[in-house]
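Grab a pencil and work through these exercises with the structure open beside you. Try each task before you read its solution.

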Amino acid sequence: MPGERLTVRGTSEVGRFPGAAPPTRVELTIHKDEEKKQEKGGCCRFFRKICCCCKRQNSTSYDVTDKVEFVKPPAPELAPEPVKPQPENGEAKELEEMKLSVLSVDLLSSKTSQNRREHHTDLYDGDELIIRRGQTFQMELELNRPFKADTHKLYLDLKTGPLPMVSKGTHVIIPLVDDLEDERWEAKVVEQNGNKIKLSVNSPASAVIGLYGLTVTICSPKGEAKTTHESSKNIVMLFNPWCEEDTVFQDDDDEREEYVLNDTGRIYYGTENQIGSRTWNFGQFHEGILEACLFILEKSDMPPSGRGDSINVVRVISAMINAQDDSGVLVGNWSGDYSDGVSPTAWSSSVEILRKYHSSNGTPVSYGQCWVFSGVTTTVLRCLGIPARSVTNFQSAHDTDVSLTTDVYFDENMKPIDYLNSDSVWNFHVWNDCWMARPDLPAGYGGWQAIDSTPQETSQGTFRCGPASVNAIRSGQVYLKHDTPFIFAEVNSDKIYWQKNLDGTFSQIHSEKKAVGHCISTKAVGSETRADITHLYKYQEGSEDERIAVETASRYGSKPDVYSTPMAEDVSVEVKMEGEGPRMGADAQLTILVKNLSSQPRRTTLHSQVAVMYYTGVLRGTIKKEEMPVELLPNEEKTIEWLLPYQQYQNQLVDQAALMLTLTGRVIETQQVLANQTTFRLRTPDLNIMPLGEAVVGKEMAAKITFTNPLPRTLKGVIFRVEGLGLQKGHEVVVGDVGSHSTVTLTEHFIPTQPGPRKLVASLDCKQLTQVHGVADIVVLEQ
């Protein structure tokens, strides 16, 4: 139609990256009634879909395409001739010549290859194919004759671990498809030149990491001829912090450069008043280090099927870096006698330690202390693709009885009781942060996770610690796994002094509220300076938020009555949302309802903060904070209108446009703690799709798609994606810029190919606005 002519383009699977537009695709499947019957023999139903030996071919007489295949009839039989003697293996040789087979596999794995560059693995030593999950990669196959997709079928087998199983994700059968889709194992022929074909292979972002062996299988439709070829090279699969669907995704280029690709760093030590630093060579790309890291995973008790879960992997790594109970990498020694090994202060690199451990087939290396354990842990995590950093805590407490306090005991005469004084405060202690989503926890606790490889206390019977959400540590939510109470005590426990009474009990006589957790430090992103990250682990010392966190945590410890309990809990706070919630492009308004259920007046100050949140639960950053004094009469219910102006969030949102509002406070009269967290999303407009004309197989019809920009700003580079199975093939329509509050109308013309209920779906994509989509139900009639 005039004035509505737009650019239509297809999508390429070569180099396709998850998170970008999925390739458009239309599937046409017409089944004859008799084809629904289950045939005898063959593979089980699960494998029929991908096993070329058993996959049934559609009858060409029912295929609604323009392709007609002519089959030459067999020549008429001639009069029998005397049988000529043939070599004994002649028939087998003739059959072998008929088979299509793979002569060689080129994994395109050199350091300068497109695979290595696009997967950010070109820094690793060697020419193995090292790739990251959730992202396509290419390989080339050389065959003994040209490949014909309509005559022969090809699939790939990837296997990892000692007992690969399809059900465990350690044996992957990859079929050839016409179009690649995200979040699944698939392969597509993207180039063919004579006897050579290039495949683009896609992996899901949840794939098991580790070392895979590759086999290529080719078979004819009826399965009478089948050949296999094993690749001489293996494939190494790593986590992918560049992939949005991976749990370790980190969206900042500078942070990925620092926490994944930087192979050197600085580790801090000393005291809070005299902070020293030393350079550490992590060397995650050095010769032999990747092999050593994979060896550590193999040596652990974790089954290969568990290696797809980043939480499990870092928990295993925190155990395997120390040798306390599993013959891990390093032996800890704090005795001062290192005569039969290397002094912990002598190490300045992880490379020698890991290579020595690997070359000795897993003999623990002597000796290490906290900064060595941390440096090696950073190397292993970065090598496997998990963003990681070494973190130093000054005045670091060691809580031995899960009281979440650092306890000092005195007798009746105020003399220390040494056998009870097992808690301690270290001048400094070094552990690690690693970055990941936490789908096993409530929303808001993803992001940085603390893990500690130094053997201090056991966790579920093994010397390991974490991952513990740093957000949970800060807020005192110590009931969230893993090992959050121990790390909370390291950074924010109070030092409590106890005196023994004449009856043998103890009374609290003094407390220090600022004794531990100072100057928490790590190397700054992109520079050699020190970054103080104390604010990530704890609220400002002495603040109301910090006191609430400490008292909240203590209630889950072994001494829950250390702090005074509230005299009553008669004030409630909740957040309500009107209708379907705030809309994108307008001020976000929520209602806070505070109720006094007592017959006495109550006073409190509500502290509110709202943060941008990824859909995985990882908080990106706080965009607004405020305090609201609240005074309640007896039995009063007060409503507070909370407002987030559009100008404060317009440049802060990420995909899904999710936000989290956190409210905390303390009732003055009763010391009751108030807390509430509410997650909400800014609603985006729908695409309106209106079918035009009668929907009949083989007859042209149309649909009008309408969208109005809700934002007071121009949308840049708007793209529509339209698809309808049985209606039309998926494709992109490049619209370009759409002005503020402007309306775009797109008319799609298409010819339905299949009868019955169908759905025409459309989505809009641009940087400023996501999650805009629409659907129209269309019932297509037979012609």
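In which sense do β34 and strand β35 pair, and over how many bridges?

**Exercise 1: a sheet of three strands**

Solution. One thing to keep in mind from the start: you're working with a predicted model.

Step 1. Find strand β35 at residues 701-708; β34 pairs with β35 in the antiparallel sense, over five bridges.

Step 2. Pick out a single bridge to check this: Met-690 has Lys-704 in β35 as its bridge partner.

Step 3. Now zoom out. The open sheet here has three strands in the order β34-β35-β38, and its pairing is antiparallel. The edge places go to β34 (688-692) and β38 (743-750); each has a single partner strand, so one side of each has no neighbour in the sheet. On average, neighbouring strands of this sheet are turned by 20 degrees against each other, direction ignored.

**Exercise 2: another open sheet**

Task: work out the strand order in the open sheet that contains β17, β23 and β24, and say what kind of pairing it has.

Solution.

Step 1. A bit of background first: strands of a sheet pair through backbone hydrogen bonds, and they can do so parallel or antiparallel.

Step 2. Reading across this open sheet of three strands, you get β17-β23-β24, and the pairing is mixed. Since β17 (406-410) and β24 (506-512) are at the edges with a single partner strand each, one side of each is left without a neighbour in the sheet. Neighbouring strands are turned by 25 degrees against each other on average, again ignoring direction.

Step 3. Look at one pair in detail. β17 runs parallel to strand β23 (residues 495-500), and five bridges link them. One place to look is Asp-407, whose bridge partner in β23 is Ile-496.

**Exercise 3: a hairpin and a cavity**

Task: how many residues lie between β12 and β13 in their hairpin, and which strand gives the most to the lining of the largest cavity?

Solution.

Step 1. Start with the hairpin: two residues lie between β12 and β13. Strand β13 covers residues 274-281, runs antiparallel to β12 and is joined to it by eight bridges. Among the bridge partners are Thr-271 and Gln-274, the latter in β13.

Step 2. Next, hunt for empty space. Rolling a probe the size of a water molecule over the atoms shows where such space is left. Searching the whole structure turns up three cavities of 30 Å³ or more. The largest cavity holds about 80 Å³ of space.

Step 3. See who lines the largest cavity. Its lining includes Glu-258, Tyr-259, Phe-282, Arg-382 and Lys-523. At least two lining residues come from each of α4 (253-261), β12 (264-271), β16 (388-398) and β25 (518-523). The top contributor is β12, with three residues.

Step 4. Sort the lining by class: you'll find two nonpolar, four polar and five charged residues.

**Exercise 4: two helices that cross**

Task: are α5 and α7 roughly parallel or oblique to each other?

Solution.

Step 1. Two packed helices are described by the angle between their axes and the distance between the axes.

Step 2. For helix α5 (residues 289-299) and helix α7 (residues 351-359), the axes come within 9 Å and cross at roughly 55 degrees.

Step 3. Angles under 35 degrees would count as roughly parallel, and 65 to 115 as roughly perpendicular. The pair α5 and α7 is therefore oblique. As for handedness, α5 passes α7 in a left-handed crossing.

**Exercise 5: backbone oddities**

Task: which residues does the cis peptide bond with omega of about 0 degrees join, and where is Asn-635 found?

Solution.

Step 1. That cis bond joins Ser-366 and Tyr-367. Tyr-367 sits in strand β15 (residues 365-368).

Step 2. The bond from Lys-481 to His-482 is cis too, with omega near 5 degrees. His-482 belongs to the loop between α9 (470-475) and α10 (484-492).

Step 3. Now check phi. Asn-635 isn't a glycine, yet its phi is positive, near 60 degrees. You'll find Asn-635 in the loop between β30 (619-632) and β31 (637-644). Leu-108 also has a positive phi, near 50 degrees, and lies in the loop between β2 (102-106) and α3 (114-118).

Key. Residues are numbered from 1 along each chain as its sequence is written. This is a predicted model: local features need pLDDT of at least 70, side-chain atom pairs count only at pLDDT 80 or more; totals for chains, interfaces and linings use all residues. Side-chain values use heavy atoms; hydrogens and water are left out. Two strands pair if DSSP finds at least two bridges between them. Helices (H or I, at least four residues) and strands (E, at least two) are DSSP runs, numbered from the N terminus. Axes are lines fitted to C-alpha atoms, for helices over the stretch in contact, and angles run from 0 to 180 degrees between N-to-C directions. On a 1 Å grid over the protein atoms alone, a cavity is a set of points where a 1.4 Å probe fits but cannot get out, and a pocket is an open set with protein on both sides within 12 Å along at least five of seven lines; lining residues have an atom within 4 Å of a point. Grid points are joined across faces, edges and corners, and a volume is the space filled by probe spheres set on the points. Ala, Val, Leu, Ile, Met, Phe, Trp, Tyr, Cys and Pro count as nonpolar, Asp, Glu, Lys and Arg as charged, and the others, Gly among them, as polar. Angles under 35 degrees count as roughly parallel, over 145 as roughly antiparallel, 65 to 115 as roughly perpendicular and the rest as oblique. A crossing is left-handed if the near helix is turned anticlockwise from the far one by less than a right angle, and right-handed if clockwise.
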